[in-house]
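Please read the following note with the model open beside it. The points are numbered, and each may be checked in turn.

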Amino acid sequence: MDTFWIILTGILVAACCSLLGCFLLLRKMAMVGDAISHAVLPGIVIAYLLAQNRDSLPMLMGAGVFGVLVTVLIETLHKQGKMQIDAAIGVSFTWLFAIGVILISLYAGQVDLDQDCVLYGEIAYVPLDTWNIANREIPRTVGILSILLLGIIAFIVLGYKALFVTTFDEVFAASMGISTAFWHYALMSAVSFTTVMSFEAVGAILVVAFLVGPPSIAYLLTDNLRWMLVLSLLLGILTAITGYYLAVWINGSIAGGMAAALGVEFGLVFLWAPKYGLFFQKKKKIQNMF
């Protein structure tokens, strides 16, 4: 049964991250997840200083607040400061991460803040922390991520038109009366809380991998956003399953196995995608020569 819960957790994280990751990729903000994973450190420290305990809930709440804060800071630097988006991401997360390091050295140097609960995680421990629902023991993380996934699906379905237009043409969206700022911050808030809620279970590296990997593979396979979302979701599910059994086979890290499986999938599609694959492009060039 533990195997089922671990794989299901991986699937839920992959689904949440891959759906939102499609919009991040198309907006050229794919590394926002990595920025959030570093920028939440001061939130963890401040949560400890306020709560005076190391429970996961205060840590996650503090991390969530700073996850939203870094997205606001990135957008401000990009739009108001006229910085390139990658530069804005780099400046924002390194600054907030540095503040977190300073706060630890000043006020919590002798305390183990258990940053593992947010930054690293361990998916194998998911079955140990459970809720009793209808006389059945269900992992807390599975319950939280299930609710989160339903919320993300509802967000995308209800806001698909606005997300589509603001992603591809902000000027046209504004001319239609669609608030580009609202939908940007709504998307960034969803990404922030998805990343933070997933950290505790699978760790930062796998969250970033799921935010970037499945959407990148789907991007090479289709030019249609709807199909990109579907393919990204299916690829995330496939990665969670194959990655788990890869980790069991090599007796290694489960999160590492999933990320490695994702890398293999991307490599295969990068080489053999029917339209944008490397070999297809070379074949097309050769054909154009004659």
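1. Is I99 buried, partly exposed or exposed, and what is its relative accessible area? The model is a predicted one, and in it I99 belongs to helix α5, which covers residues 85–107. The relative accessible area of I99 is 27%, so the residue counts as partly exposed, given that the partly exposed class lies between 20% and 50%. Along the chain, I99 and A39 are 60 residues apart. In space, their C-alpha atoms are 8.9 Å apart.

2. Helix α5 also contains L96. The relative accessibility of L96 is 3%, and the residue is therefore buried, since that class takes values under 20%. Apart from neighbours within four places in sequence, the contacts of L96 are A39, P42, F66 and V70. The chain separation between L96 and T242 is 146 residues, and their C-alpha atoms lie 36 Å from each other.

3. One of these contacts of L96, P42, is also among the buried residues of helix α3, residues 41–51. The buried set of this helix consists of L41, P42, G43, I44, V45, A47 and Y48. Directly after α3 comes Q52, whose phi is positive, at about 60 degrees.

4. Two loop residues deserve attention for their backbone angles. K28 is not a glycine, yet its phi is positive, at about 60 degrees. K28 sits in the loop that joins α1 (2–26) and α2 (32–39), and its relative accessibility of 66% means that it counts as exposed. N251, likewise a residue other than glycine, has a positive phi near 55 degrees. The loop between α12 and α13 (254–272) holds N251, which is exposed because its relative accessible area is 71% and the exposed class begins over 50%.

5. Does the length of helix α11 agree or disagree with the span expected of it? The helix runs over residues 204–221, which makes 18 residues, and at 1.5 Å a residue it should span 26 Å. The expected span takes 1.5 Å times one less than the number of residues. The C-alpha atoms at its ends are 26 Å apart, so the two values agree.

6. Helix α11 nevertheless has a bend of about 25 degrees, placed at F210. A proline, P214, follows within four residues of that position. Of the 18 residues in α11, 14 are buried, and the helix is thus described as mostly covered.

7. F210 appears again in the surroundings of T239, with which it is in contact. T239 lies in helix α12, residues 225–250. Its relative accessible area is 0%, and T239 is therefore buried. Other contacts of T239, with neighbours within four places in sequence left aside, are M258, A261, L262 and E265.

8. The last point concerns empty space inside the model. How many cavities of 30 Å³ or more does a search of the whole structure find? The search finds one, and the largest cavity holds about 40 Å³ of space. Its lining is formed by T141, I144, M197 and E200. Helices α7 (140–158) and α10 (180–202) each contribute at least two residues to this lining. Sorted by class, the lining has two nonpolar residues, one polar residue and one charged residue.

Notes. Residues are numbered from 1 along each chain as its sequence is written. This is a predicted model: local features need pLDDT of at least 70, side-chain atom pairs count only at pLDDT 80 or more; totals for chains, interfaces and linings use all residues. Side-chain values use heavy atoms; hydrogens and water are left out. The bend at a residue is the angle between axes fitted to the seven residues ending there and the seven starting there. Buried means under 20% relative accessible area, exposed over 50%, partly exposed in between (1.4 Å probe, protein chains only). On a 1 Å grid over the protein atoms alone, a cavity is a set of points where a 1.4 Å probe fits but cannot get out, and a pocket is an open set with protein on both sides within 12 Å along at least five of seven lines; lining residues have an atom within 4 Å of a point. Grid points are joined across faces, edges and corners, and a volume is the space filled by probe spheres set on the points. Ala, Val, Leu, Ile, Met, Phe, Trp, Tyr, Cys and Pro count as nonpolar, Asp, Glu, Lys and Arg as charged, and the others, Gly among them, as polar. Contact means heavy atoms within 4.5 Å.
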